[in-house]
Amino acid sequence: MCSMSSYRAGIYPREPKKKFDGVTKTYYLTKDIQFLLHEPVLGKIREIRAYRQKIKRARAKKEYGTLKTLLRNKPTYKIDHIVRERYPTFSDALRDMDDALSLVHMFQHLPSEKSIKPHRIRNCERLAKEFQNYVATTGSLDKVFVSVKGIYYSARIGGERAVWVEPHRFTQELPKDVDYRVMLTFLEFYECLLSFVNYRLYTTNGMPYPPKMDPIGGKDDQPDVEADRAHHVQENIAQILKKQEADEDDDDDSENDDEEELQMEEEETQQAKDGTEGKEKLVFSGLKVFLGRETPVSALEFVLRAQGAKVGWDGENSPFTSDERGLTHWVIDRPAIPGKRRMDLEYVQPQWVFDSVNNSTLLPTSIYGIGVTLPPHLSPFVDDVAEGYVPKYKAYLQRLKDGDPELFKETALAVNDDSEEDMDDLDNDDDNSQKEEAESKHEDGSSDSEDEDEDEEMEEDLAKDMAEMKEEGKKQSEELAKLMMSRKKRNLYERMVHGKNRKSDQVRKLEERRDAIETKKAKKRRARSETNQ
C-alpha cells in the first residue's frame, strides 16, 4: 500500500530488538507511518479498493446498469507530486535517470501479457523515442558499447551524464520467477519522471513538444499515441502552473525566490551549452549513410543521427533509397556486397559506426571492410590505465588520434607476409654480422679483456646483492608496519594488497592470452608462406 509513497520518502521496514507481534510481521517506525497518513495516494488507493468491491457486488447481483456506471467512473490517481518532492531541482532528476531509462527501454521490447498491458508498452516506446530524439537532435551522445546484454549508451545532458542499456530487438520470453508487480510499480514512477524530463528538455531548448517523429520501418500506432501524449502533456503543464502559482502565493521570502530563479536560469544555460557543444563535435557531420536491412537499423540510425549523419535504410519510411546520389557509406553485415559494387562510396560493417563514436574520430574504413576480420570492440567505460592493461588496438587508436606519422607506414592489425619475410632477412643479417664481430673479438682478445670481464662480473654480483638487501629491507619494514597497525587497519591493508595482486594476475593472464594469439597467427602466416613457396 505504501510502496509508491515510501519509495521517495526513504521509508523501509525496520528490525526492532524486540518483535511484539511475532516474526511474521513487518515493522516500521512510528514517524514513518505518521508521515504516510498525509499521503494523497493512499486515499486514492482506498477508493480503488472500495470501487473493486462495488464492481464485484454489482456483478454478483447482476445489476448491469450499475456496473456500466461504475466502469465509466473508475477512480484514478497521479504521482506527479511525488516526483516533485523527490527531485526538488531538475539537475537532481537528471542524476537519477540511469535506472529510469534502462527500465523504460527494457519494457518497450517486452511482449504484452496479463500483468503487462499493451498501453504500458506503447507508452514506454513513446518515452524512449522522445528521449532518443532529443539526444540525437542535440548531439549529446558520446559513448556506445555493444555487449551480450544489450547496447549501452552514454550522453551528457544538462551537465550530468546519463548511462542506460537497451536490450537487443529479439523475441523476449518472460521468466516466471520474477515479480512483475514490483517492477511495474517502479515503471509507473519512472514513466512519470521521464515524461517530466522530456517536456523540460524540449521546452528549455526551444523544441516543440510533443515532437513529430517518423516511425522506422513498418506501420506504427501514431494517431493514438499522439492523442494520449498531447492529453498527458496538457495535464502536466496545467499542474505545473498551478503548483508554481501556489508556491508564489505561499512563499513570502523573496530571497529564496531569487535563488530559485537563478538556479533555473543556470540549468537552462547549461542545457543550451550542451546542445551547442554537441553540434560542434559531431563525428559523422556531412556524411550520408545507408543501412542494410540485416543491420540493427534502430540503433545505428540513432547513433548516426546523434553524430550529424543523414541516414537511410532498406525499408518503409526511409528518406532516401540505396540509389541516392551523394551516398558516402553503406553499412552492411554480410560476407559479400549485394549487387554491383559502387565505386563512389565506402562499404563498412556496423562496428565502424560504434568505434568511431567512442574514439571521436572517423576510423579507417579498410579495417572494417566487408569480409575483413574485425578488430576487438573495446569498451569506452573501462579505464585502461587504472586497470593496468592497455590493449594493443587501444594503443593503435591512440597513435591514430595523435597523428603519428610512422603509423601510416604500418598496417592496422598485422604486417604483410612480404614485409615479415624482409624483416626476418634483416634480423638474420644482423645476427650473422654480430656473430662474426664477436668471433673476431674473441680471437683477438687479450688478458686485458679478461680482466675487464672479471670486473664486470664483480659489479653485477654487487648490484644483485644490493637489490636483494633492499627487497629484504622493504619486507622487514612492511612487516614491522603491519605489527604496529590495529586489527581493523591490518585487515584493510591485506584486502588492498589482495586486490592489487588479483588485478596484476588478471593483467598477466590477458598478456599471456594476447601473446598466445599472436604466436598462433604468426605460425599460420609462416605455414601459408611455406605453402605458397
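**Exercise 1. Find out whether serine 360 is buried or exposed in this predicted model, and look at its backbone.**

Step 1. Start with the surface. The relative accessible area of serine 360 is 58%. The cut-off for exposed is over 50%, so serine 360 counts as exposed.

Step 2. Place it in the chain. Serine 360 sits in the loop between α13 (351-359) and α14 (384-387).

Step 3. Check phi. For serine 360, phi is near 55 degrees, which is a positive value in a residue other than glycine. Is that worth a second look? Most residues other than glycine have a negative phi.

**Exercise 2. Work out how many residues of α13 are buried, and what covers them.**

Step 1. Go through the helix. The buried residues of α13 are Gln351, Trp352, Val353, Phe354, Asp355, Ser356, Val357, Asn358 and Asn359.

Step 2. Draw the conclusion. That makes 9 of the 9 residues of α13, so the helix is largely enclosed by the rest of the structure.

Step 3. Look for the cover. The elements over these buried residues include β1, α12 (297-306), β6, β7 (346-348) and α15 (392-402).

Step 4. Walk off the end of the helix. After α13 comes serine 360, with its positive phi.

**Exercise 3. Describe the largest nonpolar core and say which domains it lies between.**

Step 1. Pick out the best-connected members. This core has 75 residues, and Phe131, Tyr153, Leu193, Phe284, Leu291 and Val303 touch the most other members.

Step 2. Find the main contributor. Helix α9 (residues 180-204) gives the most, with 12 residues.

Step 3. Bring in the domains. Domain 2 (80-212) and domain 3 (288-414) both give residues to the core, so it lies between them.

Step 4. Zoom in on one member. Apart from neighbours within four places in sequence, valine 303 is in contact with Leu141, Val144, Tyr153, Val353, Phe354 and Val357.

Step 5. Don't stop at one core. There's a second, separate core of 7 residues, and Leu327, Trp330, Ile332 and Tyr347 are among them.

**Exercise 4. Put the strands of the open sheet in order and find the helix that packs on it.**

Step 1. Order the strands. The open sheet has 3 strands in the order β1-β2-β3, and the pairing is antiparallel.

Step 2. Spot the edges. β1 (141-146) and β3 (160-166) are the edge strands, since each pairs on one side only.

Step 3. Get the twist. From one strand to the next, it averages 15 degrees.

Step 4. Look at one pair. β1 and β2 (residues 151-157) are antiparallel and joined by 5 bridges, and a hairpin connects them through 4 residues. Valine 146 is opposite isoleucine 151 in β2. Lysine 143 has serine 154 in β2 as its bridge partner.

Step 5. Add the helix. Helix α8 (residues 118-138) packs on the sheet and touches β1, β2 and β3. The direction of α8 makes about 60 degrees with that of β2.

**Exercise 5. Examine two residues of helix α8, arginine 120 and threonine 138, and find their partners.**

Step 1. Take arginine 120 and its area. The relative accessible area is 18%. Buried means under 20%, so arginine 120 is buried.

Step 2. List its contacts. Leaving out neighbours within four places in sequence, arginine 120 is in contact with Leu184, Leu187, Glu188 and Glu191.

Step 3. Check distances. The side chains of arginine 120 and glutamate 191 share a polar contact of 3.4 Å. Glutamate 188 is 68 residues from arginine 120 along the chain, yet their C-alpha atoms are 9.0 Å apart.

Step 4. Now threonine 138. With a relative accessible area of 4%, threonine 138 is buried too. A polar atom of its side chain lies 2.8 Å from the backbone oxygen of tyrosine 134, and the side chain of threonine 138 also reaches the backbone oxygen of valine 135 at 3.5 Å.

**Exercise 6. Say where the cis peptide bond is, and describe asparagine 317.**

Step 1. Use omega. The bond between tyrosine 209 and proline 210 is cis, with omega about 0 degrees. Proline 210 is in the loop between α9 and α10 (222-250).

Step 2. Turn to asparagine 317. Its phi is near 65 degrees, a positive value in a residue other than glycine. Asparagine 317 belongs to the loop between β5 (310-313) and β6 (329-331).

Step 3. Judge its exposure. Asparagine 317 has a relative accessible area of 39%, so it's partly exposed.

Conventions: Residues are numbered from 1 along each chain as its sequence is written. This is a predicted model: local features need pLDDT of at least 70, side-chain atom pairs count only at pLDDT 80 or more; totals for chains, interfaces and linings use all residues. Side-chain values use heavy atoms; hydrogens and water are left out. A nonpolar core is a set of buried Ala, Val, Leu, Ile, Met, Phe, Trp, Tyr and Cys residues joined through side-chain atoms within 4.5 Å. Buried means under 20% relative accessible area, exposed over 50%, partly exposed in between (1.4 Å probe, protein chains only). Domain bounds come from an automatic or database domain assignment. Contact means heavy atoms within 4.5 Å. Two strands pair if DSSP finds at least two bridges between them. Axes are lines fitted to C-alpha atoms, for helices over the stretch in contact, and angles run from 0 to 180 degrees between N-to-C directions. A polar contact is a pair of N or O atoms within 3.5 Å; within protein, one must be able to donate a hydrogen and the other to accept it, and residues adjacent in sequence count only if both atoms are side-chain atoms.
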